[in-house]
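Work through these short exercises with the structure in view. Try each task before reading its solution.

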Amino acid sequence: DEIDAHVGGRAAVALAKLLSDQTRQSPGNDSAKTQIISITHNPAVAAVADRHLVIHKLPMGNSLNGRVEVIAKSVIGAGRREELARMAAGDLAGDEGLRFAEALLREGTLHKER
């Protein structure tokens with residue numbers, strides 16, 4: 001859970017690459033791969049994921065009872081790029097956030113291909 005807390009910038013990108021590397025085939029076992037489930041608020045870590053889920057918590061009924069409904073939604077394509085941009089810049093950077101998200105996705109893809 002949030003292994004990347006308090007990590008940003010170059011360190012977050014390096015951590016993302018390390019996590020990605022852990023999912024590659026295990027030494028001595030050509031078919032076994034490691035699965036990592038990471039809960040993150042860091043767009044660099046989310047960008048290297050093979051699958052990206054967004055979790056929403058919605059209040060149920062009377063907001064005073066504290067009950068919530070949890071919804072997990074898979075994001076792909078343009079939706080994923082928009083989510084990464086939101087993670088990076090909120091609503092502040094529009095087009096710049098999207099370009100940054102594209103760069104993160106491109107770097108994550110290139111790293112996995114190496």
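**Exercise 1: α3 and α4**

The axes of helix α3 (residues 77-89) and α4 come within 8 Å and cross at roughly 110° in this predicted model. Classify the orientation of α3 and α4, then describe their contact.

*Solution.*
Step 1. Take the crossing angle, roughly 110°. Angles of 65 to 115 degrees count as roughly perpendicular.
Step 2. Therefore α3 and α4 are roughly perpendicular to each other.
Step 3. Add the handedness: α3 passes α4 in a right-handed crossing.
Step 4. List the residues. From α3 come Arg80, Arg81, Glu82, Leu84, Ala85 and Ala88. They meet Gly97, Leu98, Phe100, Ala101, Glu102 and Leu105 in α4.
Step 5. Sort the residues of this contact by class: 7 are nonpolar, 1 is polar and 4 are charged.

**Exercise 2: α1 and α4**

Do the same for helix α1 (residues 9-22) and helix α4 (residues 94-113).

*Solution.*
Step 1. The two axes come within 10 Å and cross at roughly 40°.
Step 2. Angles under 35 degrees would count as roughly parallel, and 65 to 115 as roughly perpendicular. The crossing therefore makes α1 oblique to α4.
Step 3. The crossing of α1 past α4 is right-handed.
Step 4. On the α1 side are Lys17, Ser20 and Asp21; on the α4 side they meet Glu107, His111 and Lys112.
Step 5. By class, this contact of α1 with α4 has no nonpolar residues, 2 polar and 4 charged.

**Exercise 3: alanine 46**

Is alanine 46 buried or exposed? Find its place and its contacts.

*Solution.*
Step 1. Locate alanine 46: helix α2 (residues 43-47) holds it.
Step 2. Buried means under 20% relative accessible area. Alanine 46 has 6% relative accessibility, so it counts as buried.
Step 3. Set aside neighbours within four places in sequence. Alanine 46 is then in contact with Thr40, His52, Arg80, Leu84 and Met87.
Step 4. Take one of these, leucine 84. Along the chain, alanine 46 and leucine 84 are 38 residues apart, and their C-alpha atoms are separated by 7.4 Å.
Step 5. Link back to Exercise 1: Arg80 and Leu84 are also among the α3 residues that meet α4.

**Exercise 4: the whole protein**

How many helices and strands are there, and in which pattern?

*Solution.*
Step 1. Count the elements: 4 helices and 2 strands.
Step 2. Read along the sequence: α-α-β-β-α-α.
Step 3. Check burial. The protein has 114 residues, and 25% of them count as buried.
Step 4. Finish with the surface. The accessible area is about 8200 Å², with 53% belonging to carbon and sulfur atoms.

Definitions and conventions: Residues are numbered from 1 along each chain as its sequence is written. This is a predicted model: local features need pLDDT of at least 70, side-chain atom pairs count only at pLDDT 80 or more; totals for chains, interfaces and linings use all residues. Side-chain values use heavy atoms; hydrogens and water are left out. Buried means under 20% relative accessible area, exposed over 50%, partly exposed in between (1.4 Å probe, protein chains only). Accessible areas come from the Shrake-Rupley method with a 1.4 Å probe; for residues, only the protein chains shown count as cover. Axes are lines fitted to C-alpha atoms, for helices over the stretch in contact, and angles run from 0 to 180 degrees between N-to-C directions. Angles under 35 degrees count as roughly parallel, over 145 as roughly antiparallel, 65 to 115 as roughly perpendicular and the rest as oblique. A crossing is left-handed if the near helix is turned anticlockwise from the far one by less than a right angle, and right-handed if clockwise. Contact means heavy atoms within 4.5 Å. Ala, Val, Leu, Ile, Met, Phe, Trp, Tyr, Cys and Pro count as nonpolar, Asp, Glu, Lys and Arg as charged, and the others, Gly among them, as polar.
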